[in-house]
Amino acid sequence: MSNDGRSATLPHGDLEGRSLEPSPSIHYLVGGFRISLGDQSNTPGPRTHILNFVRGLSQIGRRTELLTASSFPMMGRFTQIRQSDYAGADGSKIWIADVVRGAAAVWCGVNVFVRTARQPAPQLIYERVAVLQTLTSFHARKGSAVRVVEANGILSRETAQDRKVLKAERIARYLERRVLRRSDIVVAVSERLCDELVEFARIDRDKVLVVPNGVDERLLDYQRSESACRVIGFVGSVVKWQNLDQLILSVARVANGASEPVRLEIIGDGAELGNLKQLVKDEGLSELVSFHGRMPQSAAFEVMTAWDVGIAGHQKSSSQSMYHSPLKLYEYAALGLSIVCTESADAESLARSGADIHMFSDTVEFEATLKELVGGARRSSGDIELSRAAVVRDHAWSTRATAVLDRAGLIPQSDKRPAR
């Protein structure tokens, strides 16, 4: 696959020795202007999700064409914008950004129409929801394909109320509801998001298919390494709702009473990075906390192989509940880390697969759990590798992709395995 954000056609897959029937064509539409698929992407979470899902489709013999907004003429500049660039921006600047978004959305729609008008109709159009975007509406063959929309949150609300980088919330909300209502299938990353989508868009619950994040089996290729101290790590967007300031202070308290050295490593970029660095300096914690910033994914995984514990403190934001599917949980589990996280269906599912999951509800419980993990014996390499293999087996992206195609009626009955 092209790794620079351009549209790409994926081959039928890499299943050795398996004869594949001619596969349906799938068009995957990515409307987010900032989303690029290159190694230096400023949106590593969406990038990872998209590439892994499309790779999962390839593994089960499905040919996919990616049409990303950032690949269209004059759109590449948006991929250089970081979350922190609009932190604290005044209202007028955000209004201007909304106008630019609207014009760019129309431009992207025209590009989708022109490109798809020259192609045979796909059997499935898969659109990843984006703010102020409705790319499937411009698809020249939309009337003859199954329309699937993937929702990772209520984006109009999150962008306006949590990130505070959207003023035209009413227009964005209208378009988001329109995309959801016009689809044949809505893919939600969690049951809780399913509930919110049903209420938000007033759609039938039977229309929603819950498909959580998954595991890239290639993570098993990364060999675990052991550090001279206990390493606690976080990877992801460095934003306020991750509560990383409290993480730093909690780790400092735990490290003070630990029987061996402790270190905290943070991988990622975001609006709060400068504030966190100042906090570390003010508290005299420079020897305890390391900031790696934004890293290429492969480099980040290499660093993470030496971690003992991965942190995922996701909390609810403008929603009534935490409805996301934290991708980092799956990455931590596939790399063999012990995981300390807030409660979620993903964490419970990974625990059933053998991942070492420890859920917490408040700071006291969080610190007690960390103290127990850094003060106890290390897990054996045998146990770690068994859990890694089980996580990959149960949560592979090819399984997630199969679920979507099955709901869309694109898995022949002869290809379905009998239930055990």
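How many of the six residues of strand β8 are buried? Five of them are, so β8, which covers residues 262-267, is largely enclosed by the rest of the structure. Keep in mind that this is a predicted model, and let's take that strand as the place to start looking around.

On one side, β8 pairs with β7 (residues 230-235): the two run parallel and are joined by six bridges. If you want a landmark in that pairing, find Phe234, which stands opposite Ile266 in β8. To get from one strand to the other, follow helix α6, residues 244-256; β7, α6 and β8 together make a right-handed β-α-β unit.

Now carry on along the chain. Strand β8 also pairs with β9 (residues 289-293), again in parallel, this time through four bridges. Ile266 turns up here as well, standing opposite Phe291 in β9. The connection goes over helix α7, residues 273-282, and β8, α7 and β9 make a right-handed β-α-β unit. So Ile266 is a handy residue to click on: it faces Phe234 of β7 and Phe291 of β9.

Next, some backbone torsions. Most residues other than glycine have a negative phi. Two residues here go the other way. Met74 has a positive phi of about 70 degrees without being a glycine, and Leu132, also not a glycine, has a positive phi of about 60 degrees. Both sit in loops: Met74 lies between β2 (63-68) and α2 (91-117), while Leu132 lies between β3 (124-128) and β4 (146-151).

Are these two buried or exposed? Met74 has a relative accessible area of 55%, and because the cut-off for exposed is over 50%, it counts as exposed. Leu132 comes out at 10%, which means it is buried, given that the limit is under 20%.

Leu132 also leads to the last stop, since it is among the residues that Arg101 touches. Arg101 belongs to helix α2 and, with a relative accessible area of 17%, is buried too. Leaving aside residues up to four places away in sequence, Arg101 touches Phe33, Leu132, Thr159, Val165 and Leu166. Take Phe33: it is 68 residues from Arg101 in sequence, yet the C-alpha to C-alpha distance is 8.4 Å. And what does the side chain of Arg101 have for polar company? One of its polar atoms lies 3.0 Å from the backbone oxygen of Val165.

Notes: Residues are numbered from 1 along each chain as its sequence is written. This is a predicted model: local features need pLDDT of at least 70, side-chain atom pairs count only at pLDDT 80 or more; totals for chains, interfaces and linings use all residues. Side-chain values use heavy atoms; hydrogens and water are left out. Buried means under 20% relative accessible area, exposed over 50%, partly exposed in between (1.4 Å probe, protein chains only). Two strands pair if DSSP finds at least two bridges between them. A crossover is right-handed if, with the strands pointing away from the viewer, the path from the first strand over the helix to the second runs clockwise. Contact means heavy atoms within 4.5 Å. A polar contact is a pair of N or O atoms within 3.5 Å; within protein, one must be able to donate a hydrogen and the other to accept it, and residues adjacent in sequence count only if both atoms are side-chain atoms.
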